[in-house]
Structures are given as C-alpha cells and as structure tokens.
Amino acid sequence: MRARHGTHMSSSRVGVVGDAVRGDASSRAALPATSLADVRLALAQPAVADQVAHLDEVLHGRAAWTSQITSDEIRRGDSCWFAALLDDQLIGIAGGRVATGSFPRTAGSWKLRTARPRVYDAHLLLLLVDPEWAGRGIGRRLMAAFAQRVSGTVGPAMGEFVVVRIDVPVDAAAARGLYSSLGAEEVARIPDCDGFGRPAITLAWSLAERADEEYGKQTTGSDVAGSDVAGSDVAGSDGIRPTWRASMAERLVLGLETSCDDTAAAVLAVADGQTRVLSSIVSTQLVEHERFGGIVPELASRAHVRLIPRVIDEALSVAEASLSEISLVAATRGPGLSGALLVGLSAAKGIAFAAGVPFVAVNHMEGHLYAAALQADAPEPPMMVLLVSGGHTLLVDMAGHGRYEVVGTTVDDAAGEAFDKVARFLGLGYPGGPAIDALSAQGDPRAFQFPRPMRASGLDMSFSGLKTAVVVELRRLNDRGLDWSNADVAASFQAAVIDTLVTKLFRAADRYERQTVALGGGVAANEGLRNAVTSGASELGLRAFIPERRLCTDNAAMIALAGWRTFERQGPSPLTIGADPNLALASTLDGEGHPD
C-alpha cells in the first residue's frame with residue numbers, strides 16, 4: 001500500500017505522547033476539566049482536515065497529513081475515518097483503508113488462523129489524539145469505532161477474514177504498548193517509515209478474532225446519549241462499541257449504463273441511507289438505428305466508444321463533482337449487447353483503478369428494480385415488481401435488498417418485443433412501444449378480441465401467440481378486402497398485453513402476500529399500463545409505486561443505486577469480471593456473493 005499511494009502515504013502516523021497513552025497518574029493530573037460526556041464520536045467529515053493538519057504538526061513538528069491529503073482520504077469510498085469532537089473542536093482522529101489482499105499468513109510469531117480464501121487488509125493509516133486528552137481512552141474509542149465498522153462492513157457480511165495493520169515508529173513505545181494490549185504482534189520491519197530515516201515496525205491483528213473480545217465490550221448504562229455514530233455521546237469506559245452503520249459522510253457514486261443503444265452516466269449522492277440524483281445524462285442513438293428498424297449491435301458499440309467520455313464529463317459537470325470526489329464506480333455487466341456492455345464496463349474499471357476506488361458490476365435488470373427507489377417516498381421491500389422491457393418480462397418477488405426471486409417470466413417473446421413487432425407490421429416504425437401507446441389513445445380497445453395467452457392461471461406469460469394473432473387477423477381482413485383502423489388495432493393489442501401483465505402482477509402479489517407492487521423497465525413508461533396498475537392496486541387496497549418515465553427507460557442513476565446497494569451487501573467486484581450478455585437476474589441477486 002505504501003508503494004501504491006505515493007510518498008505522502010509512506011507510513012501510518014501515530015500521535016500519542018509518552019506514557020500518556022497508558023493513562024499514568026502523572027498525565028491525568030493535567031487533564032482538561034471537561035467531562036468525557038461532552039465528547040462526541042462521529043464519522044469524520046472533510047471539514048476537519050485543517051484541524052487534522054494542525055494536530056499532526058503539534059504532535060510531530062510537521063504536518064505530513066496536510067489538509068488536502070486528509071480531505072482526499074476521508075472522501076475515498078474504501079476508507080473509514082472517525083473523529084472525536086468537543087463541540088466542533090477536533091481532539092482525536094483515526095482512520096484508514098480496507099482492501100482485498102494477500103496478507104502473509106505467517107510472519108514472525110503471529111499467524112493468521114484461518115482457512116478462508118480472501119483476506120481483507122484494513123490499514124490504519126492515522127491515529128492522533130490531542131496531548132491534553134491523552135490518558136482518557138480517546139484513542140481506544142477511536143480504535144473501537146474503526147474496528148467495529150471494518151468488521152461489520154467487511155468480515156461478517158462477506159464471510160471473509162479481516163486483518164488490521166498499522167506501521168508504528170520503533171521509538172513510539174507507548175503506541176506499541178497500546179496495540180500490543182489489543183493483541184497486535186509484529187509482522188514486519190520498515191527501515192524508513194516517514195522519508196526521514198525513522199524506522200518502524202508493522203503490527204497486525206485479526207478483527208475476526210479480537211473485535212468481539214477487546215473492542216466489542218459494551219459499556220454499561222452511560223455510553224449512549226446522542227452521537228453521530230450510535231445515536232449517543234461518548235461516555236463511560238474505554239470499551240464503547242459504536243454501531244458501524246452510522247451516519248456517513250456523503251459518498252458520490254458514478255454509474256455507467258451501455259447495455260443497448262443508450263449511453264448513460266449519472267452521479268448519485270448517498271448519505272445516512274438517503275440518496276440524491278445529482279445528475280443523470282442519457283445520450284440516445286435512436287436516430288442512428290431507426291432506419292434499420294432495430295438496434296445494430298456494431299453501430300451501438302462504436303457510438304458508445306465515441307459518446308461515453310462526453311457523457312461522463314457532462315454528468316460530472318452537472319453534479320458539480322470531479323473524479324477525485326467519486327467513492328464508487330458502478331457499471332452494467334449484463335444482460336445486453338456484448339460489445340456495448342464492454343464499453344461501459346471497461347470505462348468504469350479504468351476510472352475505478354485510476355482513482356483507487358471500488359468498482360461494482362451491476363445486473364441491468366436489478367437496476368430497473370431500483371428505479372422506483374430513486375423517487376421521493378421510495379418503496380421498501382417486501383414488494384412484487386413487474387419488470388417489462390424490450391428483451392425481458394419478469395415478475396420479481398423482492399423480499400429485501402439482495403433477496404429476490406423470479407416468480408414469473410415470459411416463455412417466448414417479451415412484451416416490449418411484441419410491441420415492436422406489431423408496430424413494424426402496422427408501419428409505425430421503431431421503437432414500437434411509444435408509437436402504439438400514442439396511437440391507442442385514438443382507438444377502441446374493444447374493436448378486436450385478441451387472445452390473452454396463459455392469462456387464466458399461473459404466473460408465466462406468453463406474447464408470441466398474441467403477436468401472431470394480430471398479424472393473422474389483419475391478413476384475413478386484407479384478403480377479404482376489408483378496411484381496419486390502425487388505432488383500433490393498436491388499442492386492442494395494447495389492451496390484451498396490459499390485461500395479461502396486470503392480471504399476473506396482482507395474482508403474484510396475492511400469492512406471495514405482498515401489499516406493495518411496483519413497475520420497472522422501458523414498457524413501464526406505457527400510459528395504459530401505468531393507469532391499469534394504479535387503478536387496480538387502488539381497488540385491491542395495495543400500494544403501487546411507478547417510476548417517473550425518465551427512470552423507466554435505460555439510465556445510469558438506477559445502475560448507481562443498484563451498485564451502491566450491491567457494494568453495501570457484497571463489497572467490490574473484481575476488476576477481472578467480464579461482460580455477460582445473457583446474465584440472469586437470479587445469478588447476481590441471490591445475496592450469496594459476487595457474479596460468477
């Protein structure tokens with residue numbers, strides 16, 4: 001890690017003074033009169049960077065951790081930083097990064113006692129405590145916060161092993177004593193830890209073995225009162241255990257979507273479990289493909305290569321953000337057109353690698369699942385979701401985030417595909433869905449009695465036979481020399497599709513006892529379908545959530561949100577992961593791990 005991040009990251013920084021870290025009586029005599037109950041433990045914000053630089057200079061005679069370096073580190077998506085605050089005054093800070101690595105399983109007398117395949121290396125880069133507060137347990141509290149958050153976000157959630165390490169100057173006896181008391185053992189020696197010839201040792205210990213022993217002791221009675229970390233101010237013993245899912249600094253997620261013919265980028269802000277779409281830019285290739293009556297994959301791929309730099313720049317500009325502020329990059333991995341997927345996936349990996357932030361591969365259909373969640377009053381699971389697009393028609397039972405089951409699907413054509421084929425036969429052009437929806441408003445939905453295949457039972461659907469029935473009926477009328485109205489055909493066809501979709505959706509909600517239904521996918525922009533779901537849900541006493549039309553079609557905001565949810569649940573995706581044009585929804589949404 002030291003080699004990768006430049007000279008300013010040449011070592012961890014330990015700011016404790018003499019024996020004060022052990023809380024000797026001599027040091028306690030000069031302690032501030034202010035009560036520990038007035039100290040607040042919080043996830044660090046970039047605003048404390050100036051105070052960190054000042055404290056580093058006070059403790060070490062020079063500020064290796066400048067304001068800019070500190071601010072950049074706190075903003076990183078793979079970092080974790082806690083501050084101890086008295087009102088707005090910084091009295092202590094601790095933080096570092098978490099990365100997948102191959103930490104040595106045996107080093108000196110210390111052994112990593114695990115057979116698990118992946119090790120998460122949590123590098124504690126900085127621990128500073130105001131010398132006036134030394135001996136009051138501030139350092140231990142900051143360590144507890146760091147340890148609990150790291151073990152909570154990485155270890156148990158991913159079934160992996162977490163190692164915390166810190167580089168401590170050889171002459172920092174008090175600091176070494178503190179970490180040794182927590183179970184740390186020497187694993188390496190560094191001849192020059194700060195660029196000034198100061199030797200150091202690397203200490204390491206296992207959170208999986210020690211987090212619940214040393215750090216995990218709950219204080220009794222008085223440790224919770226109102227802080228940004230656990231809803232409490234800090235008081236009580238050194239063993240305070242803040243809840244890791246705490247109020248977070250705002251993180252920015254860059255999402256990229258290039259699965260078909262739309263080049264999209266978006267910036268999503270995430271803080272305290274809330275999301276805000278700062279920008280969502282979509283460049284459509286409709287004009288390029290319209291004359292062919294459908295998407296030409298090679299043309300789509302070339303257009304993505306040409307457009308994606310400009311789309312990303314525009315998304316960042318509208319969001320008033322820079323790449324250095326991005327904490328996570330998410331991109332669609334599949335399903336979609338192979339060449340098109342590779343453009344967005346490669347761009348996302350390159351940005352993530354260059355910026356040193358995590359990357360997450362997203363299932364395109366999962367993105368559509370989360371489209372409704374980008375709005376105010378967003379629905380929360382459990383709910384039944386109908387995903388309808390040009391290539392997919394799915395009923396998905398969303399029991400929770402990361403817990404999905406496809407309970408119904410089309411056995412042949414997708415609903416959107418049927419719209420396109422019927423529109424082409426009627427001479428309405430491409431794409432067919434919007435054209436049929438607009439024309440239906442002028443027609444009679446009862447003019448033709450088109451079939452509703454598989455409507456009577458089950459949750460699976462079929463639209464190939466319906467499409468064929470339309471073509472056969474119009475050819476029959478042609479053969480007899482009879483006229484018909486395109487508007488009546490469009491209205492009758494659309495009524496049959498909507499009837500089938502809505503019947504299946506409400507049947508699934510009833511079967512799985514869901515009180516909330518939602519729509520997703522491009523066909524969810526269809527006015528008739530939106531009205532039918534809204535009115536049907538009202539009659540049945542269900543809640544219906546339907547995304548705004550701009551969120552129904554392909555966009556990167558939904559990919560950014562799905563990526564963030566995946567990252568929270570599973571951590572980052574490997575940069576070796578490839579595009580999968582036929583990626584199934586269940587293969588990434590079973591909550592068990594990364595895509596294959």
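**Exercise 1. Find which residues G528 touches once its neighbours within four places in sequence are set aside.**

Start with the contacts: G528 meets D437, Q494 and I498. Keep in mind that you're looking at a predicted model. Next, place the residue itself: G528 belongs to helix α16, which covers residues 527–540. Then check a pair distance: from C-alpha to C-alpha, G528 and A495 lie 7.9 Å apart in space, with their positions 33 residues apart in sequence.

**Exercise 2. Decide whether G528 is buried, partly exposed or exposed.**

Take the cut-offs: buried is under 20% relative accessible area and exposed is over 50%. G528 has 22% relative accessibility, so it counts as partly exposed.

**Exercise 3. Work out the strand order of the open sheet and say which strands stand at its edges.**

Write down the order: the 5 strands run β13-β12-β11-β14-β15, with mixed pairing. Now look at the ends: β13 (274–284) and β15 (359–363) each have a single partner strand, so one side of each has no neighbour in the sheet. As for twist, neighbouring strands here are turned by 20° against each other on average, ignoring direction.

Zoom in on one pair: β11 (residues 251–257) and β12 (residues 262–271) run antiparallel and are joined by 7 bridges. Across from L256 you'll find A265 in β12.

**Exercise 4. Identify the strands that helices α9 and α10 lie across.**

Take α9 (residues 297–319): this helix lies across β11, β12, β13 and β14, at about 30° to β12. Then α10 (residues 338–355): this one lies across β11, β14 and β15, at about 160° to β14.

How values were computed: Residues are numbered from 1 along each chain as its sequence is written. This is a predicted model: local features need pLDDT of at least 70, side-chain atom pairs count only at pLDDT 80 or more; totals for chains, interfaces and linings use all residues. Side-chain values use heavy atoms; hydrogens and water are left out. Two strands pair if DSSP finds at least two bridges between them. Helices (H or I, at least four residues) and strands (E, at least two) are DSSP runs, numbered from the N terminus. Axes are lines fitted to C-alpha atoms, for helices over the stretch in contact, and angles run from 0 to 180 degrees between N-to-C directions. Contact means heavy atoms within 4.5 Å. Buried means under 20% relative accessible area, exposed over 50%, partly exposed in between (1.4 Å probe, protein chains only).
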